[in-house]
Amino acid sequence: MFVLCDSSIPARNGERVDAGLLEHATLQWLDSTLSSPAPDEPVLVALHHPPVDIHIPLMDPIRLTNPDALAAVLRGYPGVVAVLVGHAHTAGATTFAGLPLLIAPGVASTVVLPGESGPRVNHAMPPGLALHIVDDVGRVMTHSRFVT
Ligand SMILES: [Fe+2]
């Protein structure tokens with residue numbers, strides 16, 4: 001089961017807000033939704049903004065601003081097998097709340113790492129995608145592909 005949470009913040013005074021937030025109502029909805037999957041059904045929770053620093057100075061200030069609230073909900077549900085995010089424009093993997101945190105690559109541009117050459121947002125790098133396979137024991141295998 002995929003559970004998709006909106007972590008966007010509406011524009012303020014006509015200005016786009018790049019950071020993310022899971023509103024209280026969204027967290028309540030997530031908590032309620034996670035209590036309902038069939039037994040042994042693996043659950044992937046997806047949102048746009050990474051809840052942790054990814055060590056890219058351009059992106060870290062605009063990550064999810066209330067990660068502890070998300071972690072508190074996720075820790076109550078052992079059926080959750082991974083958290084999927086985007087926003088970072090770089091393929092990556094780490095952990096969050098004891099779960100794999102899998103970051104999809106950018107489809108329109110790639111944000112370069114500190115020390116990499118070129119513009120901070122590189123439109124010449126190929127778009128990518130992540131393919132997630134959940135097996136019978138709830139293990140997540142992720143394959144990244146880049147389209148040239
Ligand atoms: Fe974004």
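Which protein donors hold the iron ion, and how far from it do they lie? In this predicted model, the donors are NE2 of His48 and ND1 of His87, at 2.1 to 2.2 Å from the iron ion. His48 belongs to the loop between strand E2 (43-46) and helix H2 (67-74), whereas His87 belongs to the loop between strand E3 (80-85) and strand E4 (92-96), so the two histidines tie together parts of the chain that are 39 residues apart in sequence. The two donor residues also fall into separate accessibility classes: His48 is partly exposed, with a relative accessible area of 43%, while His87 counts as buried because its relative accessibility, 13%, lies under the 20% limit.

The strands that flank these loops are part of an open sheet of 5 strands, which has mixed pairing and follows the order E1-E2-E3-E5-E4. Strand E1 (2-4) and strand E4 form the edges, and each has a single partner strand, so that one side of each is left without a neighbour in the sheet. On average, and with direction ignored, neighbouring strands are turned by 25° against each other. Within the sheet, E2 and E3 run parallel and are joined by 4 bridges, and Val43 has Val80 in E3 as its bridge partner.

Two helices lie across the strands. Helix H1 (residues 24-34) lies across E1, E2 and E3 and runs at about 170° to E1, whereas H2 lies across E2, E3, E4 and strand E5 (99-103) and runs at about 70° to E4.

Terms used: Residues are numbered from 1 along each chain as its sequence is written. This is a predicted model: local features need pLDDT of at least 70, side-chain atom pairs count only at pLDDT 80 or more; totals for chains, interfaces and linings use all residues. Side-chain values use heavy atoms; hydrogens and water are left out. Donors are N, O and S atoms within 2.8 Å of the metal (3.2 Å for Na, K and Ca); water is not among the atoms, so sites may look incomplete. Buried means under 20% relative accessible area, exposed over 50%, partly exposed in between (1.4 Å probe, protein chains only). Two strands pair if DSSP finds at least two bridges between them. Axes are lines fitted to C-alpha atoms, for helices over the stretch in contact, and angles run from 0 to 180 degrees between N-to-C directions. Contact means heavy atoms within 4.5 Å.
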